[in-house]
Amino acid sequence: MHVDVVFTPDETGAAPTGIVIDVIRATSTICQALASGYERVFCAAEVEEARALREALGEGVLGGERNAVAITGFDLGNSPREYLEPAGTTLILSTTNGTRAVVTAARRCERVFIASLLNLEAVVEAARAAGDDVVVVCAGVQGTMNLDDTFVAGRIAELLAGERTDAAEAAARLVGTWSGAEEAFRASLSGRNLLQNAPHLEEDIAFCARESALEVVPRLVGIRDSAAEISL
Ligand code: MLT
């Protein structure tokens, strides 16, 4: 098995199995929402697409953020701690980088898994069971690489133990430079953006830094309009 990592969704990189990470916080939120009882999560790149999808479905909880702040008129923000109890069966999520990365991977890969640190072991096991080459797609921050997603990509590369590209090797080697996930997340651009724009949500960082606390493996089940539908 070859294991590749792309540090932003803009980089070319495709494999049968795509694993998408936006650990601070979109993919942590998706994992938590499905673990809590939501039946499906639609990932919409744009705010207007999310609103239009709710209109078309006639139902759905609207969640998400822009620059870490909840979107005006939406029901919930993008803190995974807001999703500990389901507020409905369908979540329609739109975030600055993460939902866009999911939509990009959905167009490129035969199967797509959603990863965070919360479901690390479960998602690695699913990728191993699929048996194909893997590309880990980091959401990054507006076209640039970030340390938080790279840390999780490195943990995935370590655990998958396949033949690594240089990018996957770099991510795996970076993991050892931190005392742990929380330190990496706090140092990252995503972590700093969160602390700067929504300091009251600082606890989200420690929440997202818990490794393998959930056993869910969210996966792509289809595309509806331009949104990627994710379910267990
Ligand atoms: C994103 O999609 O950029 C993130 O999830 C931002 C965040 O909510 O912290």
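An oxygen atom of the ligand lies 2.8 Å from an N or O atom in the side chain of Asp22, and this contact is a convenient place to enter the structure, which is a predicted model. Two further approaches to oxygen atoms of the ligand can be followed from here: a polar side-chain atom of Glu65 is 3.4 Å from a ligand oxygen, while Thr96 comes to 3.4 Å from a ligand oxygen with a backbone N or O atom. Taken alone, the ligand would expose 270 Å², and the protein buries 93% of that area.

The surroundings of the ligand are made up of Asp22, Ile24, Arg25, Ala26, Glu65, Asn78, Thr95, Thr96, Asn97 and Gly98. Sorted by class, this shell holds two nonpolar, five polar and three charged residues, and the space that the ligand takes is the largest pocket.

Two residues of the shell, Ile24 and Arg25, also deserve attention for their backbone, since the peptide bond that joins Ile24 to Arg25 is cis, with omega at about 5 degrees. Arg25 itself belongs to the loop between β2 (17-21) and α1.

Turning from the ligand to the aromatic side chains, a search of the whole structure finds two aromatic pairs. In the pair formed by Tyr38 and Tyr83, the ring centres are 6.0 Å apart and the planes stand at 55 degrees, so the pair is classed as tilted. Because Tyr38 lies in the loop between α1 (26-36) and β3 (40-43), and Tyr83 in the loop between β5 (69-70) and β6 (90-94), the pair ties together parts that are 45 residues apart in sequence.

A last backbone feature is found at Ala161, a residue other than glycine whose phi is nevertheless positive, with a value near 50 degrees. Ala161 is placed in the loop between α5 (147-160) and β9 (163-164).

Terms used
Residues are numbered from 1 along each chain as its sequence is written. This is a predicted model: local features need pLDDT of at least 70, side-chain atom pairs count only at pLDDT 80 or more; totals for chains, interfaces and linings use all residues. Side-chain values use heavy atoms; hydrogens and water are left out. A residue is near a molecule or strand if one of its heavy atoms lies within 4 Å of it. A polar contact is a pair of N or O atoms within 3.5 Å; within protein, one must be able to donate a hydrogen and the other to accept it, and residues adjacent in sequence count only if both atoms are side-chain atoms. Accessible areas come from the Shrake-Rupley method with a 1.4 Å probe; for residues, only the protein chains shown count as cover. On a 1 Å grid over the protein atoms alone, a cavity is a set of points where a 1.4 Å probe fits but cannot get out, and a pocket is an open set with protein on both sides within 12 Å along at least five of seven lines; lining residues have an atom within 4 Å of a point. A molecule sits in a cavity or pocket if more than half of its atoms lie within 2 Å of its grid points. Ala, Val, Leu, Ile, Met, Phe, Trp, Tyr, Cys and Pro count as nonpolar, Asp, Glu, Lys and Arg as charged, and the others, Gly among them, as polar. Rings of Phe, Tyr and Trp (its six-membered ring) pair if their centres lie within 6.5 Å; planes under 30 degrees apart count as stacked, over 60 as edge-to-face and the rest as tilted. Helices (H or I, at least four residues) and strands (E, at least two) are DSSP runs, numbered from the N terminus.
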